[in-house]
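The following note is offered to a colleague who is new to this entry. Its points are numbered and may be read alongside the sequence and the coordinates.

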Amino acid sequence: MSDGQPAPLLHCGRHRLDLSYPRVMGILNVTPDSFSDGGRHVALDDALRRAEQMLAEGAAIIDVGGESTRPGAAPVSPRQELDRVAPVVEALVRELDALVSVDTSSPEVMRESAALGAGMINDVRALRRDGALQAAAHSGLPVCLMHMLGEPGDMQVAPHYEVPVEEAVADFLEARVAACLAAGLRPERLLLDPGFGFAKTVEHNLRLLHRMERLQALKLPLLVGMSRKSMIGKVLERPVEERLPGGLALAALAVERGARILRVHDVGPSVDAINMTWAVLQEGCDS
Ligand code: 7PJ
């Protein structure tokens, strides 16, 4: 392959995910403010329809999250998180046979989601919670390890790095990979994410994307999430509902710098932007 990335078939429970080209992960938030509050049944139905739409638009994965990790967000208990996430995971697996990833740091949520048929774990805390390494190892599922310093509640207070941000991120991820391997996780089931917007200034985020090739040295598939984030808002001075063009530009650049999974809200437009970028990059490979 052109970019020296590892063998690209990821085993995600019953699903196989071909990462020989860049794929889209659609975001499905199931925090109480994300769907209409007409009761549990209505909320579940809304979540299913939204997921169905994202799959029809070309999402390969649906990322279900029940904890808000936005800057300054309040923590939720594993019980609350499980109450939000479990019915949705179960329905997406049963009714849509979707490849579901669960955006969680809680070992309880990892265990229960795996039992319900989820195919991937996406942990913004990179399995640093007590028991998370063991729960993830036991699940046998792929895990996305993301870089963040501190906790969502305080991470944006004054992000500061002693070394260039891409080096700090690479060192952190390398250490987390080592911890995972020591806990029995298989290297071919690990993915890495620089964690755009997590304990980073806008300058850190821009530099990290620009230098993302540094992370390819770790030889694991890269996942990135920049959709609608404040780095777009700050550069373009756009509110959250006007950040799609900026996000598509970032997605194209991320693919060019080796990203293989893009975590996005706007699936259809992102699939087109990514496929167009990929077509150009492939043209350079045969000559
Ligand atoms: C990310 C995430 C990200 C991964 C969130 C938001 C904040 N998981 N979960 N990477 N961001 N892997 O979507 O604005 O960047 S929640």
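1. Leu127 deserves attention at the outset. In this predicted model, once neighbours within four places in sequence are set aside, Leu127 is in contact with Met110, Ala132, Leu133, Ala136, Val143, Leu145, Arg176, Cys180 and Leu185. Leu127 also belongs to the largest nonpolar core, which holds 76 residues. Within that core, the residues that touch the most other members are Leu28, Ile62, Val64, Leu92, Leu127, Leu145 and Met212. Leu145 therefore appears both among these residues and among the contacts of Leu127.

2. A separate core should be noted beside the one just described. Another core, of 13 residues, lies apart from the largest one, and its members include Leu10, Met25, Ile61 and Leu99. In soluble globular proteins, nonpolar side chains tend to be buried together.

3. Ala126 merits a check of its backbone. Its phi is near 55 degrees, which is a positive value in a residue other than glycine. Ala126 sits in the loop that runs between strand 6 (120-123) and helix 4 (132-139). Ala126 counts as buried because its relative accessibility, 0%, is under 20%.

4. Lys219 raises a similar point about the backbone. Although Lys219 is not a glycine, it has a positive phi of about 60 degrees. Lys219 is placed in the loop between helix 7 (213-216) and strand 9 (222-224). Is Lys219 buried or partly exposed? With a relative accessible area of 48%, Lys219 is partly exposed.

5. The pairing of helix 2 (residues 78-96) with helix 3 (residues 107-115) is the next topic. Their axes come within 9 Å and cross at roughly 20 degrees. Because angles under 35 degrees count as roughly parallel, helix 2 is roughly parallel to helix 3. The crossing of these two helices is right-handed. Helix 2 contributes Pro78, Glu81, Leu82, Val85 and Val89 to the contact, while helix 3 contributes Glu108, Val109, Glu112 and Ser113. Sorted by class, the contact of helix 2 with helix 3 comprises five nonpolar, one polar and three charged residues.

6. A second helix pair is formed by helix 9 (residues 244-256) and helix 10 (residues 267-283). These helices pack at an angle of about 35 degrees, and their axes are 9 Å apart. The crossing of helix 9 and helix 10 is right-handed. Which residues of helix 9 and helix 10 meet? On the side of helix 9 they are Leu244, Leu248, Ala251, Ala252, Val255 and Glu256. On the side of helix 10 they are Pro269, Ser270, Ala273, Ile274, Thr277, Trp278 and Leu281. The contact of helix 9 with helix 10 divides into 10 nonpolar, two polar and one charged residue.

7. Gly247 also lies in helix 9. Gly247 is buried, since its relative accessible area of 16% is under 20%. The C-alpha atoms of Gly247 and His265 are separated by 9.9 Å, and the two residues are 18 residues apart along the chain.

8. A final point concerns Thr201, which occupies the loop between strand 8 (190-193) and helix 6 (202-210). At 26% relative accessibility, Thr201 counts as partly exposed. From C-alpha to C-alpha, Thr201 and Met231 are 8.1 Å apart in space, with their positions 30 residues apart in sequence as the separation.

Definitions and conventions:
Residues numbered from 1 in each chain as written. Predicted model: local features only at pLDDT ≥ 70, side-chain atom pairs only at ≥ 80, totals over all residues. Heavy atoms only, no water. Axes fitted to C-alpha atoms, helices over the stretch in contact; angles between N-to-C directions. Helix = DSSP H or I, 4+ residues; strand = E, 2+ residues; numbered from the N terminus. Parallel < 35°, antiparallel > 145°, perpendicular 65-115°, else oblique. Left-handed = near helix turned anticlockwise from the far one by under 90°. Contact = heavy atoms within 4.5 Å. Nonpolar A, V, L, I, M, F, W, Y, C, P; charged D, E, K, R; others polar. Buried < 20%, exposed > 50% of the residue type's maximum accessible area, 1.4 Å probe, protein only. Core = buried A, V, L, I, M, F, W, Y, C linked by side-chain atoms within 4.5 Å.
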